[in-house]
Amino acid sequence: MFQFWKKLFSFFWTKSESDPKADAAVAQQELVSTNSPLSLSFSGSGFLSLYQIGAVKALLEQAPEILKSAPKVYGASAGSLVAAAVVFKVNLDQSLQMKLSGNTYDILNLLLNAATEARKTTLGPLCPRFNLIKNLHKALLHLLPDNAHQMATGRLFVALTRLSDLKDIMVSDYKSKEEVVQVLICSCFVPFYCGIVPPSFRGVRYFDGGCTNFHPFVNLSSILTVSPFSGEIDICPRDCPVSFCVFVLNASFQLSIENLRRVIYALFPPQTMVLNEYYCRGYKDAVIFLNHMSKNRGCGRTPKKSHEI
């Protein structure tokens with residue numbers, strides 16, 4: 001266990017190995033025509049994954065072909081849950097028919113209920129009585145279809161961090177529904193925050209994919225990116241026009257007071273009203289993106305660029 005803490009602390013004090021110039025070169029090779037389907041990528045988001053759910057809801061209602069035709073769907077940390085919702089077409093929020101039938105499992109209320117439980121104690125999510133991973137495991141077993149592994153293989157790409165060498169791993173091959181659940185649990189396991197001993201997948205321990213790959217392939221123009229943090233991202237909150245973006249942990253992040261507040265909200269959930277506002281803002285920002293994309297149809301999409309620190 002001592003080696004685990006040593007490796008983790010040394011990792012966070014080392015410089016990211018991501019090279020934006022190399023990413024840009026790859027982006028040039030990945031450029032696609034405006035008629036080709038876009039893949040999707042959801043960043044780590046914590047409790048602010050409700051923003052991403054709102055964005056997916058807008059895409060589902062306004063441009064369902066984007067979700068349906070996406071050849072690959074990437075996700076890290078809590079963003080992997082949203083990616084899974086897209087791949088498995090799970091319920092984003094409850095319909096009246098679901099409520100009448102007594103089915104209380106949908107991804108929106110799963111996160112809202114978890115946030116409510118976390119706020120019940122002074123320590124919030126850090127309270128030993130609050131077991132986010134256990135609750136998540138139970139909900140995923142109900143949410144995911146029995147053939148989840150068949151639907152996910154080759155389409156759902158989940159970012160993990162391997163404990164032994166702190167290397168970022170992308171998983172896209174699954175042998176059973178339980179393996180899909182295990183991978184999602186591993187990607188959502190934040191060290192110290194969710195516990196001490198990380199979960200395992202196929203006998204190997206992994207933890208939060210966002211620690212090494214916060215936003216998978218964020219620089220590629222062939223991927224539609226969604227994040228609750230403002231930056232050089234397709235769908236995200238837009239803060240002050242004059243800003244400075246940094247590229248860290250493979251993610252574009254705008255340096256602003258608003259973004260710092262979002263980081264706190266992602267880990268320590270605010271009131272339900274505030275979370276619902278993020279859900280609505282995600283929906284609105286997705287609609288704005290769709291309108292902008294329709295106006296610029298035929299002009300193509302340019303590779304995203306970021307600064308490295």
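Visitor: Where is the place of Ser77?

Guide: In this predicted model, Ser77 lies in the loop between strand 2 (73-76) and helix 5.

Visitor: And is Ser77 buried or exposed?

Guide: Ser77 has a relative accessible area of 8%. That counts as buried, because the cut-off is under 20%.

Visitor: Which residues does Ser77 touch, leaving out those up to four places away in sequence?

Guide: Gly44, Ser187, Cys188, Asp208 and Gly210. With Asp208 there is also a polar contact between the two side chains, at 3.0 Å.

Visitor: Let's talk pockets. What volume does the second largest pocket have?

Guide: About 930 Å³. Its lining has 41 residues, and Ser77 comes up again here: the closest to the pocket centre are Ser77, Asp208, Phe214, Val263 and Leu267.

Visitor: Which elements each supply at least two residues of that lining?

Guide: Helix 1 (2-12), helix 7, helix 8, strand 8 (245-248), strand 9 (251-254) and helix 11 (257-267).

Visitor: How do the residues of that lining divide by class?

Guide: There are 30 nonpolar residues, 10 polar ones and 1 charged.

Visitor: Switching to closed spaces, how many cavities of 30 Å³ or more does the structure hold?

Guide: Just 1. The volume of the largest cavity is about 60 Å³.

Visitor: Which residues line the largest cavity?

Guide: Leu81, Ala84, Ala85, Val90, Ile107, Leu110, Leu140, Leu143 and Leu144. Helix 5, helix 7 (107-118) and helix 8 (132-143) are the elements that give two or more residues to this lining.

Visitor: Which element has the largest share of it?

Guide: Helix 5, with 3 residues.

Visitor: What about the classes in the lining of the largest cavity?

Guide: The lining has 9 nonpolar residues, with no polar and no charged ones.

Visitor: Okay, last topic. How many residues are in the largest nonpolar core?

Guide: The largest nonpolar core has 81 residues. Leu40, Phe42, Phe88 and Leu156 have the most contacts inside it.

Visitor: Which helix gives the most to this core?

Guide: Helix 5 (residues 79-88), with 8 residues. So helix 5 turns up in several of your topics: it follows the loop that holds Ser77, it gives 3 residues to the lining of the largest cavity, and it gives the most to the core.

Visitor: Is there a general trend behind cores of this kind, and what is it?

Guide: In soluble globular proteins, nonpolar side chains tend to be buried together.

How values were computed: Residues numbered from 1 in each chain as written. Predicted model: local features only at pLDDT ≥ 70, side-chain atom pairs only at ≥ 80, totals over all residues. Heavy atoms only, no water. Core = buried A, V, L, I, M, F, W, Y, C linked by side-chain atoms within 4.5 Å. Buried < 20%, exposed > 50% of the residue type's maximum accessible area, 1.4 Å probe, protein only. Helix = DSSP H or I, 4+ residues; strand = E, 2+ residues; numbered from the N terminus. Polar contact = N/O pair within 3.5 Å; in protein donor to acceptor, adjacent residues only side chain to side chain. Contact = heavy atoms within 4.5 Å. 1 Å grid on protein atoms, 1.4 Å probe; cavity = no way out; pocket = protein on both sides within 12 Å on 5 of 7 lines; lining within 4 Å. Points joined across faces, edges and corners; volume = space filled by probe spheres on them. Nonpolar A, V, L, I, M, F, W, Y, C, P; charged D, E, K, R; others polar.
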